[in-house]
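The following exercises practise the reading of a structural model. Each task is followed by a solution in steps.

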Amino acid sequence: MRDNQQLHTVHRIRDRLAQCLIYSAVFLVGAVFIWILADLARGGIMHLSWEFITESPRDAGRAGGIASILISTLLILCVALIAAVPLAWSTAILLVECMPAASSFGKTVRFSLHVLAGVPSIVFGLFGNAFFSIYLGLGFSILSGGLTLACMLLPILTSTAEAGLRAVPDTYRLSASALGMTRTATLIHLILPAAAPALAAGLLLGIGRALAETAALLFTSGYVERMPGSLLDSGRALALHIFDLSMNVPGGDMPAYASALVLVTLLLCINILAMKLAYGLQRWRIMT
Amino acid sequence: MNANQDDAFTLGPLEAGPVCCDPQPVIQVKDLSLHYGDKIALDKVTLDIYKGCITALIGPSGCGKSSFLSAINRLTDLIPGCCVNGNIFVYDQDIHRSDSNVQELRRQIGMVFQKPTPFPLSIRRNIALPLNEHGIRKQAEVAAITEQVLRDVGLWAEVYDRLDTSALSLSGGQQQRLCFARALALNPQILLMDEPCSALDPIASGVVEDLICRLQGRYTIVIVTHNLAQARRIANYAALFWIKERAGQLVEFGRCQHIFESPSHELTAAYVNGVRG
Ligand SMILES: Nc1ncnc2c1ncn2[C@@H]1O[C@H](COP(=O)(O)OP(=O)(O)O)[C@@H](O)[C@H]1O
Ligand SMILES: [Mg+2]
């Protein structure tokens, strides 16, 4: 009887301890995020205004705003996604739907993607400079920056899409086939919708990666802060702007803080949007 | 849309199915061998499935019953490393001929799996999607077929007012009947069932069993079951599979009564009497 009582106490203490550990981990993760956000807000909120968003930078970024930077960033991002997403997702579809999981082709592709994912971004920058800027003659331009980013995004987009597609239960494929549905129809009507949240999550990760990228763009899209006139103009990305302001421009701390605040807010919004989107898509699929 | 006939099945009473007195083969399996890589799952199985009858496949786990079923509608094509040899004729057509239409074959042969496999869509869309794929797109026609098949499986009264909710919100037994409805919607002549009751609770299982009995006579049915009592209750013919020399083989095939009461093979006698297996 007493042994039981003791055991019960021990169990209770252990439960409490585990609970404490888990809660403190959650608290720590939340705290880090809030700290960064608070620090950025403290430094940048004074400098932030409507003009800051809508005006182009003056005096190396000390004055004026970041309008041209935002446009360049957006253009680079669009180029990167338009180039990378179809390639990455069709590769993932090929790997999951048309190849046996253990095929040597699949293994080779997966291995090269892993290697590619580990390559530091500065190397991508140098490659992009050599290949897109010089060899293909695109020069320092939004196009060459975007294409370089696309190469960088390929592994993350492909592997998240592949994992998402593989997580779709095989029973869907079997029962759809047993009902005489073609593979393409099964893919469009069942597998892609089921994998949509995973695809959206991967896309998000990719967008986050792209928005935060600095080194790969240094040698490809350049750091001209003017408003870009076309995709062949050089354009400075937001992250690069922050880097330049805080490293190379004396007295650029305030605009750097403000720009960083804009960047983080942007990332936050994209995250929330994509989550809502994925959820909505799932609901909509069920309703129709 | 109303459910005035409540639980009424449109298929009529249980006794309505014709008795199988004149066996007409619909599926002829000749020397079927099936390998997964090096592993032999089935070795030279020859078997006829008769029109309008229920044929039960019994035998211990791993003796190739599921593989046999998937070979009939060529679902084995989807499994990498799976190799099928021998001939299968469905309505005198060799299904492995290069010019045979797999999609049409699978429309003709409905299949229900062990675990209910509704799509993560609405109940309505679960039935409409395969119909659309087979060229039936008119809203009114699809709605009519949906109501018809849901009544056939006795699900209409339970779901007519929530056709747009997710099929995953149904109970296991309801999901399984939805899978039956989905297969019936394509107007098949043959139904393959792979242990359709074994993932369900006894009550739901009983409902599905009643449903299978009502389908008898209208469809040619091949059912895998581990429940010998069930096989005995519903089947007209039974086939016993067994693993011999690490390969699945057909031991005995015959009328259900014959298999259960006077089997000619000692393995069959041992299995149906619960001595082995
Ligand atoms: N996809 C597969 N890959 C490899 N071996 C398989 C596969 N499916 C079944 N098998 C093997 O084939 C044999 C027959 O399996 P199955 O047809 O599922 O038997 P049953 O349905 O009678 O239990 C088993 O030994 C099983 O291990
Ligand atoms: Mg089985």
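A polar contact is a pair of N or O atoms within 3.5 Å; within protein, one atom must be able to donate a hydrogen and the other to accept it, and residues adjacent in sequence count only if both atoms are side-chain atoms. The model studied here is predicted.

**Exercise 1. The interface**

Task: Describe the contact between chain B and chain A by its residues, its buried area and its polar pairs.

Solution.

Step 1. Begin with the residues: chain B contributes 26 and chain A contributes 20 to the contact.

Step 2. Turn to the area. About 2000 Å² is buried between the two chains, and carbon and sulfur atoms account for 69% of this. On the side of chain B, the residues that lose the most area to chain A are Phe119(B), Pro120(B) and Glu133(B), which together make up 23% of what that side buries.

Step 3. Apply the rule for polar contacts. Two residue pairs across the interface of chain B and chain A satisfy it, both at pLDDT 80 or more. Salt bridges between chain B and chain A number zero.

Step 4. Assign the chain B side to elements. Helix 2 (102-108), strand 6 (109-112), helix 3 (123-133) and helix 6 (172-185) of chain B each give two or more residues to the side that touches chain A. Helix 3 gives the most, with four residues.

Step 5. Sort the chain B side by class: 14 residues are nonpolar, seven are polar and five are charged.

**Exercise 2. Salt bridges within a chain**

Task: Which residue forms a salt bridge with Arg107(B), and how far apart are the closest N and O atoms?

Solution.

Step 1. Recall the principle: side chains of opposite charge can pair when their charged atoms come close.

Step 2. Identify the partner. Arg107(B) forms a salt bridge with Glu104(B), with the closest N and O atoms 3.0 Å apart.

Step 3. Consider the position in the helix. The two residues are separated by about one helical turn, because they stand three residues apart in helix 2 of chain B.

Step 4. Classify the accessibility. Arg107(B) is buried because its relative accessible area is 16%, under the 20% limit. Glu104(B), at 34%, counts as partly exposed.

Step 5. Compare with a pair in chain A. Arg166(A) forms a salt bridge with Glu162(A), again described by its closest N and O atoms, at 3.0 Å. Both lie in helix 6 (residues 142-166) of chain A, four residues apart, which is about one turn of the helix. Arg166(A) is partly exposed at 34%, whereas Glu162(A) is buried at 7%.

**Exercise 3. The surroundings of ligand 1**

Task: Which atoms of Cys63(B), Gly64(B) and Ser67(B) lie at the stated distances from an oxygen atom of ligand 1, backbone or side-chain?

Solution.

Step 1. Locate the surroundings. The residues around ligand 1 include Tyr36(B), Lys39(B), Ser61(B), Lys65(B) and Ile79(B).

Step 2. Examine the backbone. A polar backbone atom of Cys63(B) is 3.3 Å from an oxygen atom of ligand 1, and a polar backbone atom of Gly64(B) is 3.1 Å from an oxygen atom of the ligand.

Step 3. Examine the side chain. For Ser67(B), a polar side-chain atom lies 2.5 Å from an oxygen atom of ligand 1.

**Exercise 4. A residue in a loop**

Task: Is Ser122(B) buried or exposed, and what does its side chain reach?

Solution.

Step 1. Place the residue: Ser122(B) is in the loop between strand 6 and helix 3 of chain B.

Step 2. Apply the limit. Ser122(B) is buried, because its relative accessibility is 0%.

Step 3. Find the partner. The side chain of Ser122(B) reaches the backbone nitrogen of Arg125(B) at 3.1 Å.

How values were computed:
Residues numbered from 1 in each chain as written. Chains lettered and ligands numbered in written order. Predicted model: local features only at pLDDT ≥ 70, side-chain atom pairs only at ≥ 80, totals over all residues. Heavy atoms only, no water. Contact = heavy atoms within 4.5 Å. Buried area = accessible area lost by both parts, 1.4 Å probe. Salt bridge = Lys/Arg side-chain N within 4 Å of Asp/Glu carboxyl O. Nonpolar A, V, L, I, M, F, W, Y, C, P; charged D, E, K, R; others polar. Near = heavy atom within 4 Å. Buried < 20%, exposed > 50% of the residue type's maximum accessible area, 1.4 Å probe, protein only.
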